[in-house]
Amino acid sequence: MESHLGTGMFGDGDNADQTADVYYRGLGRLCADVMQIDREALNACAAPQLEALRRGALDLALREFQAGRKEAAHAAINDFLTIASGSGGQLTADESRSRHLRPRVCRAMRGTCAGEEVLSRWNAQTVADGENLLVEAVEVGDDLERAADHAMDLLAEALPVVAPDVLRCAYGLVPLTGAIISGHFAQTPKLIFVNVSALRNVYDAAESILHESLHQKLFDIGLARTIFRPGYVDAESHTIPIPWSGDELRVRQFSADRAISAYHVYVHQTLLYLALLTRRRSYAEPDPEILHRTAVAWARAREFRRGLHGDGARTELGEDGLAFLHWLDRAHDALGAVVLPDGSALAGHEGSYASSAYRRPAASATG
């Protein structure tokens, strides 16, 4: 299963990452030529914070140019150049990261031009239920860096093929406090955000880092693949109801974009927890928490799969998006056939998406 999820059109993270590098290199040169500035001004940046802002600025400038808003496009690039010029010497601690390995824990966030800009954009523009999801960067000491490294070591041990492939798609990890457990932001590609509360639990940290790095990988894939139909607008997409919304008065709805991203994540999380069951303990005496997380991940993947195959959401996908969906389906089917230590097949836990503890399916009670 690792081979399936770590190779091919949708599995090769190194290929996706390098494709994204080439894309932004070309986009940087194009914007520099149009604006008649030195191409080197828009070259890739060593610090993850600044590279994220560079890519976000190039994305915004391209949209503005395409819409005929030349002045706004110039402003997007000039804003980035101002931040870059004011960051001289501020990001040294985060510039030595070896790319294509794993995200570097960003120490230079508070009090730096680039770091403060990343957080300011997040706080101004990430909204849920009409309220901004406010976060705050923390002072990063050796303890937080060790916690993140421990979680990534766990991922590499459990998933030696998939983990390095996915983690190379995220360049920086920002520890924070506030309204989220983990997250990512379209305006800062290659950065992932993880709450310090999650970093203090190795399973939560590993799950969050894998989760957000997978979003970065899918974003890179989408630069070269037609995941969605021509003219797709996320705000106008068919939606999929989420039965574990946690609020009886309001059922959350996911767009096709958000739903296929979540399906991608939950398939990988299922594989992670199955791997931990077999690698870190005797399969005959499994960790109840890992069993629970396995069942929940597979069941939630099933709900997104079912919704994406519905008449509405399916029409939002492009040719590559349909192929991507079937690629995930094959993995989900194979994972569902796994027999757990209590003799039940994982597919028998389809109702576990909102459960608070692991329960053996009634149909398997005498199996």
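**Rings, cores and odd backbones**

Trainee: How many aromatic pairs does the count come to here?
Mentor: It comes to 12 aromatic pairs. Keep in mind that this is a predicted model.

Trainee: Okay, give me one. How are Tyr-23 and Tyr-24 arranged as a pair?
Mentor: They're edge-to-face, with 5.0 Å centre to centre and 90 degrees between the planes.

Trainee: And are those two buried or exposed, or something in between?
Mentor: It's a mix. Tyr-24 is buried, at 0% relative accessibility, while Tyr-23 counts as partly exposed at 29%.

Trainee: What about Trp-244 and Tyr-266, what kind of pair are they?
Mentor: Edge-to-face, because the planes are at 90 degrees, which is over 60, and the ring centres are 6.4 Å apart.

Trainee: Where do those two residues sit in the chain?
Mentor: In distant parts of it, 22 residues apart. Trp-244 belongs to the loop between strand E8 (239-241) and strand E9 (253-255), and Tyr-266 to helix H11. Both Trp-244 and Tyr-266 are buried.

Trainee: Which residues do ring pairs link into a cluster?
Mentor: Trp-244, Phe-254, Tyr-266, Phe-304 and Tyr-353.

Trainee: Let's stay with Phe-304. What is it in contact with, leaving aside neighbours within four places in sequence?
Mentor: There's Ile-240, Ile-242, Trp-244, Phe-254, Ala-259, Ala-262, Tyr-263 and Tyr-266. So Trp-244, Phe-254 and Tyr-266 turn up both in the cluster and among these contacts.

Trainee: On to the packing. Which members of the largest nonpolar core touch the most other members?
Mentor: Phe-304 again, along with Ile-209, in a core of 69 residues.

Trainee: Which elements each supply at least two residues of that core?
Mentor: Helices H7 (142-158), H8 (162-167), H9 (196-199), H10 (202-222), H11 (256-280), H12 (288-308) and H14 (319-336), plus strand E7 (191-195). H11 gives the most, with 14 residues.

Trainee: What does the second, separate core include?
Mentor: Leu-42, Ile-77, Val-118 and Ala-137 are among its 35 residues. In soluble globular proteins, nonpolar side chains tend to be buried together.

Trainee: New topic, cysteines. How many disulfides does a search of the whole structure find?
Mentor: Zero.

Trainee: Why can't Cys-31 be in a bond?
Mentor: Because the closest cysteine sulfur, in Cys-45, is 14 Å from the Cys-31 sulfur, and that's too far. The cut-off for a disulfide is sulfurs within 2.5 Å.

Trainee: And why not Cys-106?
Mentor: The reason is again distance: its closest cysteine sulfur is in Cys-45 too, 13 Å away, which is too far for a bond.

Trainee: Are Cys-31 and Cys-106 buried or exposed?
Mentor: Buried. Cys-31 has 2% relative accessibility and Cys-106 has 1%.

Trainee: Last thing, the backbone. What's phi like at Gln-36?
Mentor: Positive, near 60 degrees, in a residue other than glycine. Most residues other than glycine have a negative phi. Gln-36 is in the loop between helix H3 (13-35) and helix H4 (48-66), and it is exposed, with a relative accessible area of 74%.

Trainee: What about phi at Lys-190?
Mentor: Also positive, about 85 degrees, and Lys-190 isn't a glycine either. You'll find Lys-190 in the loop between strand E6 (182-183) and E7.

Trainee: Is Lys-190 buried or exposed?
Mentor: Buried, at 0% relative accessibility.

Trainee: Which ring does its charged end sit over?
Mentor: The ring of Tyr-171, with the charged end of Lys-190 at 4.8 Å from the ring centre.

Notes:
Residues are numbered from 1 along each chain as its sequence is written. This is a predicted model: local features need pLDDT of at least 70, side-chain atom pairs count only at pLDDT 80 or more; totals for chains, interfaces and linings use all residues. Side-chain values use heavy atoms; hydrogens and water are left out. A nonpolar core is a set of buried Ala, Val, Leu, Ile, Met, Phe, Trp, Tyr and Cys residues joined through side-chain atoms within 4.5 Å. Buried means under 20% relative accessible area, exposed over 50%, partly exposed in between (1.4 Å probe, protein chains only). Helices (H or I, at least four residues) and strands (E, at least two) are DSSP runs, numbered from the N terminus. Contact means heavy atoms within 4.5 Å. Rings of Phe, Tyr and Trp (its six-membered ring) pair if their centres lie within 6.5 Å; planes under 30 degrees apart count as stacked, over 60 as edge-to-face and the rest as tilted. A charge sits over a ring if NZ of Lys or CZ of Arg is within 6 Å of the ring centre and within 35 degrees of the ring normal.
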